Amino acid sequence: MKRNLFYSLIILITAVSCAPKSASHRKKPNILIIYADDVGYGDLSCYGASAVQTPYLDSLAKEGLRFTQAYAEASTCTPSRYAMLTGRYAFRNNAAILPGDAPLIIESHRETLASMLKKAGYTTGVVGKWHLGLGDGKPDWNTDIKPGPLEIGFDYSFLLPATADRVPTVYVENHRVLNVDRQDPIRVDYNRKVGDDPIGLEHPELLKMAADSQHSGTIVNGISRIGFMAGGHRAYWKDEDFATVFGEKAKDFIRAHQDKPFFLYYALPHIHVPRAPNPKFVGATKMGPRGDVIAEMDAMVGAVMQTLKELGLDKNTLVIFSSDNGPVVDDGYADQAVERLGDHKPAGILRGGKYSAYEGGLRVPMIVRWPGEVQPGTSNAVINQVDFFASFAQLAGVSIDQQKTAPDSENLLSALTGKSAQGRRSMLQESFTMGLLDGDWKYIAPVSKKTPDWLADKREETGLQQEPQLYNLKEDPKEQHNVATQYPEKTKELGEKLEEIRHKEY
Ligand code: NG6
Ligand code: CA
């Protein structure tokens, strides 16, 4: 009898210790969002490019799931980033492209991807381009700059504050400008020249590349920027070092937090203007700097993946690569992007690009890799970056009240991991106007607000028109035939649906 009990116990203990651990007991996966800037639907070789090769992203696509209908929330940076980090459409916040001295636009009470994951035990970090504002008014760049990422859920931040073409041209680590110098205080102004440093308008002979008048403010590293800046010389970045500087910070963060689940938002400044690749990548393609920075970006992806592998973390890390808006060829600098484009199609077959209401502005590359959990292949599920919030909440086991938190985010974890082919039915699309994608249909509302002067002659590409537009993406994926007058009922229905979403109070 005793002997039987003994054997039963042994069997029980063995059974318990050998049982597969349930999902809730498994270590939560690390989450790495690699978010590129202005990379178009046709800019990677795994999305059909041939004039530039992106072997590291191609491997990511081979080992993971490549989406054919994934969207940034907007066709410009700030709104897309706001929506991705908050799960809320950016127009609810009036988010638009920000100057480099704008205050933080994410409200301090708002839950972000970072604060939500932090609740689930994640250590959270952001390395790279921010462009969501810093401080609560005009920041003093010489002292603590807050609120910023640390006040909305990130444990660590190392930033390029706005864009590489905007002042201040300095890195901000946590609350401080890196290498800030009290003897040479930083001043920033977006309206008038400050200090004695040369500006592009007056000294074009000092420039590595000529620029249009908006990009002809203070010259830093031979490149004139939007806005004016004085001081801070010791803190200046060098554009050609971005890949190394951000790469090292991303690796340091991963190394330091390898024992706990981490969330890293790695926001690459590539391939936004000014395009200034490191000499190692100059000539990597025949397309000049725009092609070369794509190659450099790809290598940055390779480097961070290599670190994950070396640390044995790549199996338990969900990696997502995507872009904040569609591509632009000429964005203000004479960098030969137009002249040397050849037959490369930055947006693939799609119409339009950055700033556009058409698909080329909004549909972007998206690749998800998580070995063992994400079945490799291609997915046609419709998914928007605003959906990361609810999907990752599910992944991390956090329940959210969507009346208050991430109201526009849909939990598409099963689509993201390839377990389902079902994505969104409809979504709002932001540009300098609004659109609504609904099944095969796409509606673009007439422009109702003032659009920037520098877009005035770009109506054909941007889709900013006085008339409503309706396209059937299944029959007309290139959005060539506006069928609004043929389908007045559909046009009206989608217009009303869009208004309904707009007027919901969240
Ligand atoms: C525009 C800039 C452009 C770029 C963009 C922001 C002009 C004429 N153009 O205002 O160069 O900086 O803002 O790009 O000023 S984004 O990817 O961050 O949205
Ligand atoms: Ca962008």
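## A helix across a four-stranded sheet

In this predicted model, helix α11, which spans residues 488-503, lies across the strands β16, β17, β18 (441-444) and β19, and runs at about 115 degrees to β17. The sheet beneath this description is an open one, built from four strands in the order β16-β17-β18-β19 with antiparallel pairing. Its edges are formed by β16 (426-430) and β19 (469-472), each of which pairs on one side only, and the twist from one strand to the next averages 15 degrees.

## Pairing of β16 with β17

Strands of a sheet pair through backbone hydrogen bonds, in either a parallel or an antiparallel manner. Here, the edge strand β16 is joined to β17, residues 434-438, by five bridges in the antiparallel sense. Within this part of the sheet, Glu430 stands opposite Met434, a residue of β17.

## The calcium site

Which residues coordinate the calcium ion (ligand 2)? The ion is held by side-chain oxygens of Asp37 (OD), Asp38 (OD), Asp324 (OD, listed twice) and Asn325 (OD1), at 2.2 to 2.7 Å. Along the sequence, the donor residues follow the spacing D-D-x285-D-N, and of these Asp37 and Asp38 are both buried.

The geometry of the site is classed as irregular, with angles of 51 to 174 degrees among the six donor atoms of the calcium ion (ligand 2). An octahedral assignment would require opposite donors to be over 155 degrees apart and all other angles to lie between 65 and 115 degrees, so the angle of 51 degrees in this site falls outside what that class allows.

Methods:
Residues are numbered from 1 along each chain as its sequence is written. Chains are lettered from A and ligands numbered from 1 in the order in which they are written. This is a predicted model: local features need pLDDT of at least 70, side-chain atom pairs count only at pLDDT 80 or more; totals for chains, interfaces and linings use all residues. Side-chain values use heavy atoms; hydrogens and water are left out. Two strands pair if DSSP finds at least two bridges between them. Helices (H or I, at least four residues) and strands (E, at least two) are DSSP runs, numbered from the N terminus. Axes are lines fitted to C-alpha atoms, for helices over the stretch in contact, and angles run from 0 to 180 degrees between N-to-C directions. Contact means heavy atoms within 4.5 Å. Donors are N, O and S atoms within 2.8 Å of the metal (3.2 Å for Na, K and Ca); water is not among the atoms, so sites may look incomplete. Four donors count as tetrahedral if all angles lie between 85 and 135 degrees; four count as square planar and six as octahedral if opposite donors are over 155 degrees apart and all others between 65 and 115; anything else is irregular. Buried means under 20% relative accessible area, exposed over 50%, partly exposed in between (1.4 Å probe, protein chains only).
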